[in-house]
Amino acid sequence: MSVEPFAAVDVIAAKRDHQLLTDAQIDWVVDAYTRGVVADEQMSALAMAILLNGMTRAEIARWTQAMINSGERMSWSRLSRPTADKHSTGGVGDKITLPLAPLVAACGVAVPQLSGRGLGHTGGTLDKMEAIAGWRAALSNEQMFAVLESTGAVICAAGSGLAPADKKLYALRDVTGTVPAIPLIASSIMSKKIAEGTGALVLDVKTGNGAFMSEPDRARELARTMVDLGQAAGVRTVALVTAMDVPLGRTAGNALEVREAVEVLSGGGPADVVELTVLLAEEMLTLAGTRTKHPADALRDGSALEVWKRMVRAQGGDPDAPLPVAGHQHHVIAERSGVLTHLHAMGIGVAAWRLGAGRARQGEPVQAGAGVEWFVQPGDLVVEGQTLMTLHTDTPERIPLALQALDGAYGIGTAAHARLPLIVDRIS
Ligand code: URA
């Protein structure tokens, strides 16, 4: 039997007592947790000590590297073009990955977009894509490579071999109140992105009531930490800190968001989704160091839509099939005339989730057609009797719970509340 070089309790006590963890302690505790030698209750205590007492940049960098080392590292060097990837820390109505990946591909840069599923009030890219008839998220590494080489973009599930330490730790953090710790979020996201092997990475760090980091300064700190980790690992990395006080676009829900993404790819769609998609595309192309056309042109001339269709077909999907529609609709009506004062991302996200668009536990199915569609923005004049929102669900018994979530999430008054600019900051 091999002898372990440390005892978990000593590592926990060190962080509890504000000591720096050594490189050897970090390497061991991450590896031993992945092997099952460090128990869940011990890692929970360590995660809480990290949340309360923090980590230095050097500790975070070592922790990230240890998580990368727990699994495989992918490489796209066989591809005929450079790669760029984007990661969002998660928001309501955030369907940007869907139009962005084919758009950047249409401009000459390959996009390997390894994505996840939603949990809680934020939606997951794979859940959205699965609203498309026949589309498959699970691909082998060879299939991923083939889709990427032939279409220029792939959106698929991250395989189990990528940063397995993070998979285990993230599930544990989710049930122990230790998700919102900057060292743990930064190392979780960046270990996966670095292991994925992209050459360039643009981070979209959300801030506002619908984001992990509701305070812009905390979002900036998270962005700075992740950009430094990426650059230190040789990945050209930039972060935009963007607004998530108001939900993005006009829809939150899987099929509803695919519809909106296709509108953007067809040259239309809501202005905020178009603006953020084009801006992120420009950042990705700049980091990758090449561009065959401007992203706004690729939306106008149909080339981004063409890549989308090829990408969906390459994974078994039918891009022309009608999208699922929920069996029941409920309209939310303005009870008086005035100005829409606010529309909180968090309230809309929780309502969409309760209608069946999201899941409360990992592994639960989601409803493809469920979600919220809103027709007004803060500052708009509304008239008594006007439809403000439509709630979509296959299970109408969920509607009262969704309406509860919307209580206070919007208001009608005389003037709009202050809101964040769409782009709060850029960190490079
Ligand atoms: N997304 C991740 O992948 N990890 C986190 O810790 C938070 C968001």
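These legends accompany close-up views of a predicted model, covering the ligand site and two sheets. Residues are numbered from 1 along each chain as its sequence is written, and side-chain values use heavy atoms, without hydrogens or water. Local features need pLDDT of at least 70 and side-chain atom pairs pLDDT 80 or more, while totals for chains, interfaces and linings use all residues.

**View 1. The shell around the ligand.** Y170, R173, I185, S188, I189, K192 and F212 surround the ligand (a residue is near a molecule or strand if one of its heavy atoms lies within 4 Å of it). Four of the shell residues are nonpolar, one is polar and two are charged. Here Ala, Val, Leu, Ile, Met, Phe, Trp, Tyr, Cys and Pro count as nonpolar, Asp, Glu, Lys and Arg as charged, and the others, Gly among them, as polar.

**View 2. Polar side-chain atoms at the ligand.** K192 places a polar side-chain atom 2.5 Å from a ligand oxygen atom. For R173, the distance from a polar side-chain atom to a ligand oxygen atom is 2.9 Å. S188 has a polar side-chain atom 2.6 Å from a ligand nitrogen atom. The ligand taken alone exposes 240 Å², and the protein buries 90% of that (accessible areas: Shrake-Rupley method, 1.4 Å probe). Helix 8 (164-174) and helix 9 (182-195) are the elements that give two or more residues to the shell. Helix 9 gives the most, with four residues. Helices (H or I, at least four residues) and strands (E, at least two) are DSSP runs, numbered from the N terminus.

**View 3. The four-stranded sheet.** This open sheet has the strand order 1-4-5-13 and mixed pairing (two strands pair if DSSP finds at least two bridges between them). Strand 1 (85-88) and strand 13 (423-427) each have a single partner strand, so one side of each lacks a neighbour in the sheet. From one strand to the next, the twist averages 20°. Strand 5 (residues 236-243) pairs with strand 13 in the antiparallel sense, over four bridges. V241 stands opposite D425 of strand 13.

**View 4. Helices across the four-stranded sheet.** Helix 10 (residues 216-232) lies across strand 4 (200-207), strand 5 and strand 13, at about 165° to strand 5. Helix 12 (residues 271-288) lies across strand 1, strand 4, strand 5 and strand 13, at about 150° to strand 4. Contact means heavy atoms within 4.5 Å. Axes are lines fitted to C-alpha atoms, for helices over the stretch in contact, and angles run from 0 to 180 degrees between N-to-C directions.

**View 5. The three-stranded sheet.** This open sheet has the order 10-8-12, with antiparallel pairing. Its edge strands, strand 10 (381-382) and strand 12 (410-413), each pair on one side only. Four bridges join strand 8 (residues 338-343) to strand 12 in the antiparallel sense. The bridge partner of L343 in strand 12 is Y410.

Key: A polar contact is a pair of N or O atoms within 3.5 Å; within protein, one must be able to donate a hydrogen and the other to accept it, and residues adjacent in sequence count only if both atoms are side-chain atoms.
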